[in-house]
Amino acid sequence: MKTDNKIMLTGNKAAAWGARMAQVEYVPAFPITPQTEIVETLAQWFADGTLQGKFTNMDSEHSMFMAAGAAAATGVRVFTASSSQGILHGMESLYTITGWRVPLVLVNVSRALATPITLEPDHNDVMSTRDCGLIQLHAETCQEIFDFILIGHKIAENPQVCLPVLVNMDGFYLSFTREPVLIPDKKTILKFLPLFEPVYPVFQASQPMARASAVFGGSTYSYFKMQHNLAAHHAEKVFNDATAEFSELFGRTYEPAEKFHMDDADFVFVMSNSFATKGKAAVLKLRQQGIKAGLLKIRLFRPFPVAFIAQALCGHERVAVIDQNLAPGMGGITYPEIVSSLYPYENRPKKIVSVIGGLGGKDITESDFMSIIDHMKNSDSKTPLYLFDQEDQRAFQRIQKIANVKKEVSSS
Amino acid sequence: MTALAGKYKKLKDLHPEEAITPGTGLCAGCGGLDGLRLALKELGENVLICNAAGCFTLLSVYPFTPLKGSWLYTTMGAPVPAAQGVRDALDIRLQHRELPDKEDLLVMTVAGDGSSNDIGLGATSAALHRNLDFIYFCYDNEAYGNTGFQLSAASPYGSATQTAPNTEFHPAGTEFFKKDLFEIWKAQKPTYIATVSPREPIDLSNKFAKAKTMSGSRMFICMSPCPTGWGFDPKESDLIAKLAVDTGMFPIKEYFEGQVTHTKRPQRRLPVEKFLQRQKRFRHLFEPECRHDIIENIQSHVDEYWSHYE
Ligand SMILES: Cc1ncc(C[n+]2csc(CCOP(=O)(O)OP(=O)(O)O)c2C)c(N)n1
Ligand code: SF4
């Protein structure tokens, strides 16, 4: 195990270091809060010769993802980053380049989507990419961000995957929080992730080819989609192989989901990203009070590790799936995925409730976790539970009141 | 410096090799395809085309391609950013990864006027700002052809399109004049800009031959008579292309080192009617009654243009 260098890094800096140690060769970029620090750092490193290759300032995320995909199809190791509105603006390109089956890593720093416009995090941005066919890894800590970028390149470049990998972190809570991060030495990293050598033909004069040609007829279209689906599913095995090798070389082990005090848990929170840290603190608190709580933190979100999750949750009485996203008119986006993963099993949890909270960066507090436990206990609790209480209502009314006072003054 | 010296004088001087083989799904008499064919004869096989959604997307339908070079279909709005990514990656490999020079590609964008004038213009402007080393080929059929001939910013005043039909209240059909893409590009001072016509193959070939020797952004607008959308018999495609030039409606010119040169000046400009009356999209200007007022507006617009040069 090599732990050469332990430094304090924000999530954003950890992401930049991940790209640096992966020796990425090309970064097309476009700024957006809270991601900007990543591309600023990389711009500096390309400009001062720390990194070899090219950093190109693009004109939009639509252009940026397209350039990223095209460069990957031309045989260089590509990294880029975005967030929120940037993901939506680039969505057409994201679907396009995943269909091209090209390897690259992109970091999304989660930020809630307009409207209303805000800078603070939730997961509707990353969930919008759920179905576009990329691989998704969600990070709770700065160390995970760094490690997932190395692992991400390894998965993306696997000849049986060939897909973009998205590494997600929460804006502010992680992007701007400093944590100690172990940066392994270059030589060991090279063992895990050698310089990029494409296995399949890439654009160059001796290899003329037509890519992404139009298709006629559902069969041809479906064929390519089935291929894409198989590759995405196969990425779970590739993830497990890559993390096993990673564990051997670096001593940190990553399963598709992390089981925290799960063994005897009667109440399980299913969470992801940085708020899982809050969930873990609540689990410890609850256990002090004699409540057997546990937490399952999802790391690999695409492909969805159905069997792993079912195996982790079956046998536990009550499960709360905490979604920091909202599909209005339906509810939480990951909840149905968890439920359908469990449906075939007879020993599935008796109660699986949906919880929606943390929207637009709203904190999930200790008392929120208590009310989730109550919600799980309550036999006729209707799902979902929205973490929006009297106190939130009052906070909103307070700011409304300020505006109303002004209005009265101006109209009098 | 004025016009660059041309390497070809006669048709039989043109490059004998074809880089685009016959048998594509495009319409018979497609002027744009003729233009691209002539361009690729000159540019050769070591070309990668980043294509925008449009008629020409159907050049490569899986598992076929008529091209001897490479092809990458992108989206309607981002063929140029794709060209940027490919160019950047090739440069990185040439510089740092020992890619031999002979493996380099000429990167090209092929896009319709809709992509070029509308949805893709912002990204193109950004690439011009970066002086992207590429060739841009806009085939200008003056509408969104692939979706069935709707208005684009290149649709000419007085033409009927599916989304700007002529009616009692809108007798002209299209009520705005065509966007001047040449001048828009020129404002950013790219290396080279040219307009070309498939009916002027020597002029066209000379321009691509010159562009091939340059680096930076080299921009082309190819007038592209479109029998399907414009409403004429495919066999008249050449005639329509010729009339576009002879009436002065489509000026054939180039921009290089700050100078604009008309490389094929109409000797004596024919009245615009000669061009208009052969096409269904302008029929409402002649039937059921002649709309002299609209035709006069078109003529004045052309006259105004040439008043700066004649
Ligand atoms: C984002 C997006 N919007 C709309 C379309 C539908 N569409 C496909 S081709 C096309 C017209 C393209 O027009 P133009 O660039 O002039 O090329 P042409 O079809 O005339 O060859 C449109 C609107 C699309 N493919 N993508
Ligand atoms: S519609 Fe017009 S531009 Fe499109 S392929 Fe047919 S002739 Fe060419």
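**Exercise 1. Find which residues of α5(A) are buried, then look at what comes just after the helix.**

Solution. Start with the list: A:M91, A:S93, A:L94, A:T96, A:I97, A:T98 and A:W100 are the buried residues of α5(A). "Buried" here means under 20% relative accessible area, while exposed means over 50% and partly exposed is in between (1.4 Å probe, protein chains only). Next, set that list against the whole helix: α5 of chain A covers residues 91–100, and 7 of its 10 residues are buried, so it's mostly covered. Helices are DSSP runs (H or I, at least four residues), strands likewise (E, at least two), and both are numbered from the N terminus. Finally, step just past α5(A): A:R101 has a positive phi of about 60 degrees.

A quick word on the model: it's predicted, so local features need pLDDT of at least 70 and side-chain atom pairs count only at pLDDT 80 or more, whereas totals for chains, interfaces and linings use all residues. Residues are numbered from 1 along each chain as its sequence is written, chains are lettered from A and ligands numbered from 1 in the order in which they are written, and side-chain values use heavy atoms, with hydrogens and water left out.

**Exercise 2. Work out why the site of ligand 1 counts as shared, and which atoms touch the ligand.**

Solution. First, check the chains: residues from both A and B surround ligand 1, so the site is shared between them. Around it sit 17 residues (each with a heavy atom within 4 Å), and B:C55, B:G114, B:Y139, B:G145 and B:N146 come nearest. Helix α3 of chain B (residues 113–119) gives the largest share of this shell, 4 residues.

Now for the polar contacts, meaning pairs of N or O atoms within 3.5 Å. An oxygen atom of ligand 1 lies 2.7 Å from a polar side-chain atom of B:Y139. For B:N141, a side-chain N or O atom is 2.9 Å from a ligand oxygen. B:A143 uses a backbone N or O atom, again 2.9 Å from an oxygen of ligand 1. As for cover, ligand 1 taken alone exposes 580 Å², and the protein buries 77% of that.

**Exercise 3. List the residues around ligand 2 and sort them by class.**

Solution. The list runs B:L26, B:C27, B:C30, B:C55, B:N141, B:C226, B:P227 and B:T228. Sorting them gives 6 nonpolar, 2 polar and no charged residues. In this scheme Ala, Val, Leu, Ile, Met, Phe, Trp, Tyr, Cys and Pro count as nonpolar, Asp, Glu, Lys and Arg as charged, and the others, Gly among them, as polar.

Note on methods:
A polar contact is a pair of N or O atoms within 3.5 Å; within protein, one must be able to donate a hydrogen and the other to accept it, and residues adjacent in sequence count only if both atoms are side-chain atoms. Accessible areas come from the Shrake-Rupley method with a 1.4 Å probe; for residues, only the protein chains shown count as cover.
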